[in-house]
Each structure stands twice: as structure tokens, then as C-alpha cells.
Amino acid sequence: MTRTQQPKIGRRALLQGAMALGGTSWLGSAAAQTGKPWPSKPIRLVVPFNAGGATDLVARTIGESLSQRVGQPVIIENKGGASGILGTDTVARAPADGYTLLLSLSTSMLINQFLYTKLPYNPQKDLSLISQIAAAPVTLVVHPSVPANNMKELLAWLKANKGKASYGSWGVGSYAHLAGAYMSKSTESDMVHSAYKGEAPMIQDLLGEQIQLCFSSAQNTKAFIDNGRLKAIGVTGTQRMDILPNVPSIHEQGVQDEAYAIFGWVALGAPAGLPQSIVDQLYGHLREIAKDPKVIERIQGAGFSTMMNSPQEFQQNYQRDLPVWKKLVEDAGARLD
């Protein structure tokens with residue numbers, strides 16, 4: 001795809017277009033108030049996690065492509081801390097004018113509302129959902145000493161070895177914790193949960209057999225799966241991962257519990273009340289960006305699968321997944337405040 005700068009459109013043409021579309025929301029937007037089309041200045045894209053991670057890579061990929069399309073700089077602002085709360089709250093409190101956007105995970109945009117009793121923002125009321133950029137399924141891996149090669153064999157082994165297995169996570173309330181707690185409860189295996197400060201130390205302990213299994217991103221497990229130091233049981237979601245095409249999903253193995261079919265995601269959001277005209281423009285740009293092979297390659301390289309769905313599809317998925325995440329948190333007894 002050849003990226004082209006958006007042409008500048010005169011105020012009269014914009015007004016005529018808005019009127020033709022019944023654009024009452026546009027008339028109430030910042031563009032109508034200032035007489036300037038959006039965007040007429042740099043856009044701030046807030047990533048509520050530290051630089052260098054997979055989410056940051058996706059943000060820079062999207063930001064670069066969006067900048068080329070709109071003809072304005074897209075400035076990535078990493079604002080990490082408190083499981084994504086600080087950066088997400090910054091966006092929730094920003095003006096809904098299209099110049100502050102959020103690129104975050106399902107953690108801060110959905111799950112945190114069940115983990116924290118005093119969350120400073122309400123993701124269902126304070127954020128506009130624009131698009132799920134990418135699906136973020138994870139792998140379920142075990143130490144090679146575990147005598148199981150698929151999900152049904154693993155569940156049977158856990159049931160037969162109550163109190164003998166441990167699972168790791170990259171923190172209380174993470175998917176790895178919630179799914180592991182669900183597995184322990186559903187098999188009555190009384191597994192021990194070991195929470196780590198990140199995936200790297202968790203994987204090192206799995207390699208050393210201090211724990212027997214964990215859910216972890218393909219970015220952290222693929223190399224060890226390929227060299228045989230870890231055994232892949234399956235991947236979450238309902239489809240195989242592009243980066244691990246030979247590893248079946250847990251769902252396709254016949255274990256279709258919602259806890260394993262659900263998956264995290266990377267998404268684009270904004271402050272609530274973002275004018276519909278800007279929402280439509282952003283989604284239109286994302287649809288074109290999704291056609292770029294380089295963008296797809298970089299997203300898949302980070303262990304994700306490209307989605308780029310519409311705001312309506314995002315909202316539907318959000319409402320579908322919300323009760324599942326809520327129950328997983330409640331069953332695990334996870335609280336972070």
C-alpha cells in the first residue's frame with residue numbers, strides 16, 4: 001500500500017459533508033468550534049506501560065503509519081505504572097478532541113475494574129472504544145518432565161497429582177494467574193501459585209523445574225518450544241497463532257471452557273465523548289493500515305494476531321468478554337488494593 005498524506009479540506013467542504021451525513025456530532029466537535037479539520041496539530045498516543053515491550057512496539061508501528069496518513073506527528077508517550085492505571089487515567093481525563101489517544105491492553109481497559117475497588121477511572125464510562133488492534137493469545141507450556149502432550153492429558157495428570165504441581169504467573173490478576181487458578185479449581189488439583197515480577201523470571205524457574213507449568217506469551221516461549229526445553233500444550237483463544245502454526249489451540253483440542261477460549265488484546269481508545277467524525281476517521285485509517293504487510297509482520301512478530309475491528313465490533317466483544325473476566329477474577333480471589 002502506498003501511504004499518502006490526507007489532503008487539506010476547506011471549511012465549507014467539511015461543513016457540507018457533515019450536513020450531508022447528518023453530522024450533528026461533528027458540529028459539536030472541536031473542529032467545528034475552531035474551524036480547523038482534525039488533525040491540525042500533533043497527536044499524543046499514550047502507552048500505559050514502559051518502553052521496549054510488545055505493546056510499545058505495536059504502538060510505535062501504528063503511530064508511524066497513522067502519522068504518515070494524517071500528515072501530523074504521532075508522539076508516543078510511555079506512562080507506565082500500576083498495571084496500566086496511570087497512563088489510562090491520563091487519557092480518561094484528557095479532552096475528547098482527538099489529540100490524546102490510548103494504546104493499551106485489555107488489562108487496563110477491561111480487567112482492572114474487577115481487580116481494583118478504587119480504580120480512578122471507569123473504563124465503561126470514561127473511554128471511547130475505537131478498535132481492537134490485535135489479539136494477544138498466550139501459550140500454555142509445561143516442563144518436559146510433565147507426562148502430558150495435550151490439554152486433556154494435562155488436566156488428567158493434574159487431577160491424579162493433587163497438591164504436587166505449581167504454576168507461575170507474571171503477577172496477581174494477570175491472565176496467567178486467573179487461568180491457572182481456574183485450572184486448579186476445575187481439576188481440584190490444589191496447585192500452588194507462584195507470582196513473578198514479569199515473564200522472564202517465571203520462564204527461568206519453569207526451565208529449572210521450580211514450577212511445572214505456566215501461561216506465557218509466545219514472544220517468551222517460542223525459542224524454548226522450538227529447542228525442546230519447554231513443551232507446548234496449546235494456545236488460548238479459538239485459533240492457532242501465526243507465530244506457532246503447529247501448536248493447536250486448547251479450544252480445538254476439545255477443551256472449550258471460556259477461561260481458555262478468551263484472550264487478551266491490544267486496543268486503541270480515547271477519552272469518552274470523542275466526536276463520531278473523528279472515531280470514523282481513525283477507524284478508516286486503521287483499516288488501511290491493516291493492509292500494510294510490514295505492519296502485519298511487526299504485529300505478528302510480537303506474538304499477536306492482527307484484528308483492526310470496527311468500534312461496533314469492539315464494543316460487542318467487550319460486552320461479551322466482560323462477564324467472563326469478572327468471573328475469573330472472582331474465582332481466583334484476586335485483588336490488587
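The following dialogue examines ring pairs, burial and salt bridges in a predicted model.

User: Why is the pair of Y175 and F215 called edge-to-face?

Analyst: The ring centres of Y175 and F215 lie 5.5 Å apart, and centres within 6.5 Å count as a pair. Their planes stand at 80°, and an angle over 60 degrees counts as edge-to-face; the pair is therefore edge-to-face. It links distant parts of the chain, with Y175 in helix α9 and F215 in strand β8, 40 residues apart. Both Y175 and F215 are buried.

User: What makes Y182 and Y260 an edge-to-face pair?

Analyst: The centres of these two rings are 5.6 Å apart, which satisfies the limit of 6.5 Å. Because the planes of Y182 and Y260 meet at 80°, over the 60 degrees required, the pair is edge-to-face. Here helix α9, which holds Y182, is linked to helix α12, which holds Y260, 78 residues apart.

User: How do you know whether Y182 and Y260 are buried or exposed?

Analyst: Y260 has a relative accessible area of 2%; buried means under 20%, so Y260 is buried. Y182 has 22%, which falls between the limits of 20% and 50%, so Y182 is partly exposed. Both residues belong to one aromatic cluster, together with Y175, F215 and W325.

User: What makes the contact between D89 and R93 a salt bridge?

Analyst: Side chains of opposite charge can pair when their charged atoms come close. For D89 and R93 the distance from N to O is 2.8 Å, and the definition asks for a distance within 4 Å, so the two side chains form a salt bridge. D89 is buried at 14% relative accessible area, whereas R93 is exposed at 61%.

User: Why does the contact of D331 with K185 count as a salt bridge?

Analyst: The closest N and O atoms of D331 and K185 are 3.7 Å apart; this is within 4 Å, so the contact counts as a salt bridge. The pair links helix α15, where D331 lies, to helix α9, where K185 lies, 146 residues apart. D331 is partly exposed, with 30% relative accessible area, while K185 counts as exposed at 53%.

User: How do you know that K291 is exposed and that E288 is partly exposed?

Analyst: K291 has a relative accessible area of 52%; exposed means over 50%, so K291 is exposed. The value for E288 is 27%, between 20% and 50%, so E288 is partly exposed. The side chains of K291 and E288 meet in a salt bridge of 3.1 Å.

Definitions and conventions. Residues numbered from 1 in each chain as written. Predicted model: local features only at pLDDT ≥ 70, side-chain atom pairs only at ≥ 80, totals over all residues. Heavy atoms only, no water. Phe/Tyr/Trp six-rings, centres within 6.5 Å; stacked < 30°, edge-to-face > 60°. Helix = DSSP H or I, 4+ residues; strand = E, 2+ residues; numbered from the N terminus. Buried < 20%, exposed > 50% of the residue type's maximum accessible area, 1.4 Å probe, protein only.
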